[in-house]
Amino acid sequence: MSDLPPAYLFLDPGDSKYGGVTGWAYFDANGDIHSMGQFHSSVSTGELQTLILPTLTLVVYEGYINAGYKTSTHAWSKNETSQLIGKIKTLCELVNVKWAEVRNTEMSVGYAWMGMEQPKNHAISHQWDAVAHGVCWLQKNGINEAGKFLKGKT
């Protein structure tokens with residue numbers, strides 16, 4: 001983990017369908033992992049206020065849409081993930097930090113570029129999902145060179 005201050009925050013907003021857990025990962029300006037963790041939706045506002053720092057360069061979160069073909073799955077849903085994304089955007093605005101949205105499909109690319117599979121244990125997987133989003137976004141945007149997180153792996 002990096003000693004430099006965090007520059008990027010990556011968030012994987014959780015849905016109550018999957019336990020309501022949101023994963024987060026900080027990366028520094030060099031694209032190195034700074035720290036990671038997760039929190040439950042019941043404490044999301046406080047946790048986000050702690051994580052969304054005015055010194056960040058960017059907050060990146062996994063977007064969410066109500067896909068037409070999944071209408072029955074989300075029937076009568078409170079759209080908690082959408083509400084959480086609204087909190088993220090609002091808190092970013094309050095501290096004047098830019099945000100960006102990524103597609104959920106980019107997470108699997110991040111895992112591939114890290115050379116690891118998504119953990120099957122949902123008690124820890126959300127923080128790793130946030131890391132995977134970070135690895136993908138940082139490489140796609142030229143902050144990390146290809147294969148940076150594969151170094152040392154055989």
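Q: Which helix does V109 lie in?
A: V109 lies in helix α3. Please keep in mind that this model is predicted.

Q: Why does V109 count as partly exposed?
A: The relative accessibility of V109 is 29%. Buried would need a value under 20%, and exposed one over 50%. The value of V109 falls in between, so V109 counts as partly exposed.

Q: How far apart are the C-alpha atoms of V109 and V135?
A: They are separated by 8.7 Å, with the two positions 26 residues apart along the chain.

Q: What makes N96 an exposed residue?
A: The cut-off for exposed is over 50% relative accessible area. N96 has 71%, so N96 counts as exposed.

Q: What else can be said about N96, and where is its place?
A: N96 sits in the loop between α2 (80-94) and β5 (99-102). The phi of N96 is positive, about 60 degrees, although N96 is not a glycine.

Q: How do you know that F10 and F27 form an aromatic pair, and what kind of pair is it?
A: Two ring centres have to lie within 6.5 Å to count as a pair, and those of F10 and F27 are 5.4 Å apart. Planes over 60 degrees apart count as edge-to-face. The planes here are at 85 degrees, so the pair is edge-to-face.

Q: What does the pair of F10 and F27 tie together?
A: F10 belongs to strand β1 (residues 6-12) and F27 to strand β2 (residues 21-28), so the pair links parts that are 17 residues apart in sequence. Both F10 and F27 are buried.

Q: Why is the pair of W24 and Y26 called edge-to-face?
A: The ring centres of W24 and Y26 are 5.3 Å apart, and their planes stand at 65 degrees. The distance is within 6.5 Å and the angle is over 60 degrees, so both conditions for an edge-to-face pair are met.

Q: What makes W24 and Y26 buried?
A: The relative accessible area is 13% for W24 and 7% for Y26. Buried means under 20%, so both residues qualify.

Q: How many aromatic pairs are there, and which residues form one cluster?
A: The count comes to six aromatic pairs. Y8, F10, F27, W137 and F149 form one aromatic cluster.

Q: How do you know that the span of helix α4 agrees with its length?
A: Helix α4 covers residues 125-140, which makes 16 residues. At 1.5 Å a residue the expected span is 22 Å, and the end C-alpha atoms are 22 Å apart, so the two values agree.

Q: What makes α4 mostly covered?
A: Of the 16 residues of α4, 14 are buried. After α4 comes G142, with a positive phi near 75 degrees.

Q: Which residues is K140 in contact with, beyond its neighbours within four places in sequence?
A: K140, whose place is in helix α4, is in contact with E106 and W113. K140 and G110 have C-alpha atoms 10.0 Å apart and are 30 residues apart in sequence.

Q: What makes up the largest nonpolar core?
A: The largest nonpolar core has 19 residues, and Y8, F10, F27, M114, V131 and W137 have the most contacts inside it. Two or more residues come from each of β1, β2, β4 (58-62), α3 (106-114) and α4. With six residues, α4 gives the most to this core. Apart from this core lies another, of 17 residues, including L48, V59, I85 and C92.

Q: Which residues does W137 touch when its neighbours within four places in sequence are left aside?
A: W137 is in contact with Y8, F10, L58, V60, V102 and I143.

Q: Why do C92 and C136 count as buried?
A: Relative accessibility is 0% for C92 and 0% for C136. Each value is under 20%, so C92 and C136 both count as buried.

Q: How many disulfides does a search of the whole structure find?
A: The search finds zero disulfides.

Q: What pattern does the chain follow along the sequence?
A: The pattern is β-β-β-α-β-α-β-α-α, with four helices and five strands in the chain. The chain has 154 residues, of which 45% count as buried.

Conventions
Residues are numbered from 1 along each chain as its sequence is written. This is a predicted model: local features need pLDDT of at least 70, side-chain atom pairs count only at pLDDT 80 or more; totals for chains, interfaces and linings use all residues. Side-chain values use heavy atoms; hydrogens and water are left out. Rings of Phe, Tyr and Trp (its six-membered ring) pair if their centres lie within 6.5 Å; planes under 30 degrees apart count as stacked, over 60 as edge-to-face and the rest as tilted. Buried means under 20% relative accessible area, exposed over 50%, partly exposed in between (1.4 Å probe, protein chains only). A disulfide is a pair of cysteine sulfur atoms within 2.5 Å. The expected span of a helix is 1.5 Å times one less than its number of residues. A nonpolar core is a set of buried Ala, Val, Leu, Ile, Met, Phe, Trp, Tyr and Cys residues joined through side-chain atoms within 4.5 Å. Contact means heavy atoms within 4.5 Å.
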